[in-house]
Every structure is written in C-alpha cells, then in structure tokens.
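This report describes a few local features of one chain, moving from helix packing to a central strand and then to some individual residues.

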Amino acid sequence: MEEQSFFDRMITHLRSSCKYYTGYPKDLGPSRVIHFTSEREFVQLLHQKHPVVVAFTIRGNYTKHLDKVLEEAAVEFYPNVKFMRVECPKYPGFCITRQKNEYPFFEIFHSPEQAENQGRVADPNVTRYSVKVLPFNYDLSAYGFREFFKRHGIQASDPK
C-alpha cells in the first residue's frame, strides 16, 4: 500500500475536522431529513416537542443545493430540531394551506399546545392544537438556521 503524501494527509484531516464547508463533500452519515408522507405523521412529529423546520419544495435545479443544505443542518441540530421536506406536487393540499405561491420556502413549527377553544367539532375524539409558525428568511445554510434559532429563542442544541 502506497503511503499518502503530506498534502493528501493534510487535506484528509481538514475534510474530517473542518466544521465549515470547504467545498468537499462531507460524510454526514444517514439522512436526518424526514420526507413528508402524511399530515398525521407531521402532527406526531410536532408532539415530540421539538421545533420542526419544514421545507416546501418543488423539483428543480435549486432543489439539489437545497437538499445538501438541509442534510447538513439536520445533522448539526439533530436531535433537538427536526427537518422535514415536503414535495408540493405530491402533497398539494398541505402546501396550499400555507398560502404561498413562491417555492421553495421554509417555515419553523414549534410549541404545540392544546387550543383553548375547541369550537364545533364533529368528532369528540378530535382535539385541536395551536402551533407557532415562523417564516424562515435568513441565509440558507446551517449558520443561517443557527442564527435564526438564537434570535427567536428556540433551543437548538443541548444545554451544556
């Protein structure tokens, strides 16, 4: 087996230890981004009491970049923040309720609480909840998510 040159060893060390993006693919391990399949699954995810970052997307060239950013941020903030991706052409009902017409866009859902006023409910087994929703309009990077969470007081990492 051929011994690596100093340069190769240095680059390998930088790739494995550098916290910031260096232009090389990172080994992020298994995907931490959850793919939306149903509103029921989404509600169950909210009940885990972690903030959920939802990316509402459509297929396109920009989506490839977006997927990489989501993967990196999901790994950085796991398990305290969940990241979910919704392909709007597959689930138009869920996306239309957000009342946006420009894609992709992000929203952060957090702090679900049982609604004070249950209103008229056809089924007594149905419980209404209110959840706080914040539009995400920061830099689309792990750094942008970190700053957003800090500004809005969302606990994104374990207290030390």
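Within what distance do the axes of helix H3 and helix H5 come, and at what angle do they cross? In this predicted model, the axes of H3 (residues 61-77) and H5 (residues 142-151) come within 9 Å and cross at roughly 50°. Angles from 35 to 65 degrees are neither roughly parallel nor roughly perpendicular, and H3 and H5 are therefore oblique to each other. The residues that meet are Val 69, Ala 73, Glu 76 and Phe 77 on the H3 side, and Ala 142, Phe 145, Arg 146 and Phe 149 on the H5 side. By class, this contact of H3 with H5 has six nonpolar and two charged residues, and no polar ones.

H3 also belongs to a right-handed β-α-β unit, which it makes together with strands S2 and S3. The two strands, S2 (residues 52-57) and S3 (residues 82-87), pair in the parallel sense over six bridges, and Thr 57 has Glu 87 in S3 as its bridge partner. S2 is mostly covered, with six of its six residues buried. Both of its faces are covered, as the table sets out.

| Side of S2 | Buried residues |
|---|---|
| One side | Val 52, Val 54, Phe 56 |
| Other side | Val 53, Ala 55, Thr 57 |

Several of these S2 residues return in the surroundings of Glu 107, a residue of strand S4 (residues 105-114). Is Glu 107 buried or exposed? Its relative accessible area is 5%, and because buried means under 20%, Glu 107 counts as buried. Leaving aside neighbours within four places in sequence, Glu 107 is in contact with Val 52, Val 53, Val 54 and Phe 56, and also with Arg 98, Lys 100, Val 133, Leu 134, Pro 135 and Phe 136.

Two backbone details lie in the loops. Most residues other than glycine have a negative phi, and most peptide bonds are trans. Lys 49, placed in the loop between helix H2 (39-46) and S2, has a positive phi near 70° although it is a residue other than glycine. With a relative accessible area of 60%, Lys 49 is exposed, whereas Glu 107 is buried. The other detail is found in the loop between H3 and S3, where Pro 79 is placed: the peptide bond that joins Tyr 78 and Pro 79 is cis, with omega about 0°.

Terms used: Residues are numbered from 1 along each chain as its sequence is written. This is a predicted model: local features need pLDDT of at least 70, side-chain atom pairs count only at pLDDT 80 or more; totals for chains, interfaces and linings use all residues. Side-chain values use heavy atoms; hydrogens and water are left out. Axes are lines fitted to C-alpha atoms, for helices over the stretch in contact, and angles run from 0 to 180 degrees between N-to-C directions. Helices (H or I, at least four residues) and strands (E, at least two) are DSSP runs, numbered from the N terminus. Angles under 35 degrees count as roughly parallel, over 145 as roughly antiparallel, 65 to 115 as roughly perpendicular and the rest as oblique. Contact means heavy atoms within 4.5 Å. Ala, Val, Leu, Ile, Met, Phe, Trp, Tyr, Cys and Pro count as nonpolar, Asp, Glu, Lys and Arg as charged, and the others, Gly among them, as polar. Buried means under 20% relative accessible area, exposed over 50%, partly exposed in between (1.4 Å probe, protein chains only). Two strands pair if DSSP finds at least two bridges between them. A crossover is right-handed if, with the strands pointing away from the viewer, the path from the first strand over the helix to the second runs clockwise.
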